[in-house]
Number of protein chains: 2
Amino acid sequence: MKINLTTQRKAVYDIILQAHDHPTAADVIERLRAAGHNFAYGTVYNSLRYLTDNDLIRELKLGEAASRYDARTEDHHHIVCIKCGRVDEVMTDVPQQWMEAVAEETGYVVHEATINLEGVCPACKTSKP
Amino acid sequence: MKINLTTQRKAVYDIILQAHDHPTAADVIERLRAAGHNFAYGTVYNSLRYLTDNDLIRELKLGEAASRYDARTEDHHHIVCIKCGRVDEVMTDVPQQWMEAVAEETGYVVHEATINLEGVCPACKTSKP
DNA sequence: ATTGAATTTATACTAAATCTAAATTCAAAT
DNA sequence: ATTTGAATTTAGATTTAGTATAAATTCAAT
């Protein structure tokens with residue numbers, strides 16, 4: 001089915017595209033307001049789901065309370081800095097061999113692996129506490 | 001500091017130890033009731049956190065709404081069946097080499113990787129829809 | 001017995017997200 | 001141009017998971 005980018009959905013999509021962090025729904029609403037849009041709460045959630053379902057964006061569940069959203073839809077993972085909360089992309093892919101080992105161990109047909117890493121980012125590494 | 005296992009904490013711990021699935025807080029409360037305990041809502045959450053903080057159990061954030069809890073505290077991962085929701089352990093560890101590649105790519109000091117897999121479990125694989 | 005720190009309880013509250021029903025939009029067909 | 005109807009948006013209520021708070025209780029150590 002053809003993708004229907006309404007004004008609201010387009011505006012939400014633009015926010016995600018322009019973001020260099022990984023904004024939550026609340027962040028998106030805040031940025032929409034700053035850009036002069038005042039959409040209903042539910043509309044933003046609906047839009048985020050619509051965009052996610054149509055693979056224009058990705059929903060990230062990093063173990064925090066709120067989902068984050070990412071304009072990069074290629075297969076990749078994320079690392080969160082435990083000091084400052086910053087989220088970065090991890091493009092290095094997990095070895096196919098490992099996936100096969102998991103399939104063998106569990107008997108599952110393995111569809112995908114979501115990997116959330118934790119560590120200390122370069123900036124926090126060098127800064128004093 | 002010495003671990004203080006009160007009646008409530010011990011009862012919660014026992015539920016997790018005896019569970020062969022990976023119960024949520026709500027599951028734990030339900031099973032406590034079934035066992036004749038009727039602790040305050042908050043006490044169960046406090047107990048789960050206390051047990052988690054003291055490494056007696058692990059909190060799992062599998063991308064679902066609610067956290068699950070696991071009596072196995074060794075380093076391991078989880079796979080969720082997309083058909084029936086069943087959660088299984090994955091003991092096969094991710095190659096150290098991969099972790100190093102991620103550290104190199106991102107510049108982070110990598111502390112840990114949480115891996116949540118999705119697939120179809122053996123039972124669902126063989127059963128007709 | 002008395003103190004006091006830790007814990008539990010009951011309840012209120014918060015955050016994130018979903019649901020609902022009415023209002024609005026907008027393309028397609030008269 | 002108007003009508004129709006499906007999709008969408010809106011506003012607000014509701015749900016779910018979990019946290020915060022203040023009073024009551026427990027319990028070990030004086």
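The surface near DNA strand C has 7 nonpolar, 5 polar and 1 charged residues. This is a predicted model. In total, 13 residues surround DNA strand C. Both chain A and chain B contribute helices to that surface.

**Surface near DNA strand C**
- The closest residues are Tyr45(A) and Ser67(A) from chain A, plus Thr6(B), Arg9(B) and Thr43(B) from chain B.
- Two helices each supply at least two residues of this surface: α3 of chain A (41-53) and α1 of chain B (7-18).
- Sugar or phosphate accounts for 81% of the strand C atoms within 4 Å of the protein. Bases make up the rest.

**Polar contacts to DNA strand C**
- Thr43(B) places a polar side-chain atom 3.0 Å from a phosphate oxygen of DNA strand C.
- Asn4(B) also reaches a phosphate oxygen of the strand, with a polar side-chain atom at 3.1 Å.
- On chain A, a side-chain N or O atom of Tyr41(A) lies 3.4 Å from a base nitrogen of DNA strand C.

**Packing of α1(B) on α2(B)**
- Helix α1(B) packs with α2(B), residues 25-34, at an angle of about 105°. Their axes are 10 Å apart.
- Angles of 65 to 115 degrees count as roughly perpendicular, so α1(B) is roughly perpendicular to α2(B).
- From α1(B), the residues in contact are Ala11(B), Val12(B), Ile15(B) and Ile16(B).
- They meet Val28(B), Arg31(B) and Leu32(B) in α2(B).
- By class, this helix contact has 6 nonpolar residues, no polar ones and 1 charged.

Note on methods. Residues numbered from 1 in each chain as written. Chains lettered and ligands numbered in written order. Predicted model: local features only at pLDDT ≥ 70, side-chain atom pairs only at ≥ 80, totals over all residues. Heavy atoms only, no water. Near = heavy atom within 4 Å. Polar contact = N/O pair within 3.5 Å; in protein donor to acceptor, adjacent residues only side chain to side chain. Helix = DSSP H or I, 4+ residues; strand = E, 2+ residues; numbered from the N terminus. Nonpolar A, V, L, I, M, F, W, Y, C, P; charged D, E, K, R; others polar. Axes fitted to C-alpha atoms, helices over the stretch in contact; angles between N-to-C directions. Parallel < 35°, antiparallel > 145°, perpendicular 65-115°, else oblique. Contact = heavy atoms within 4.5 Å.
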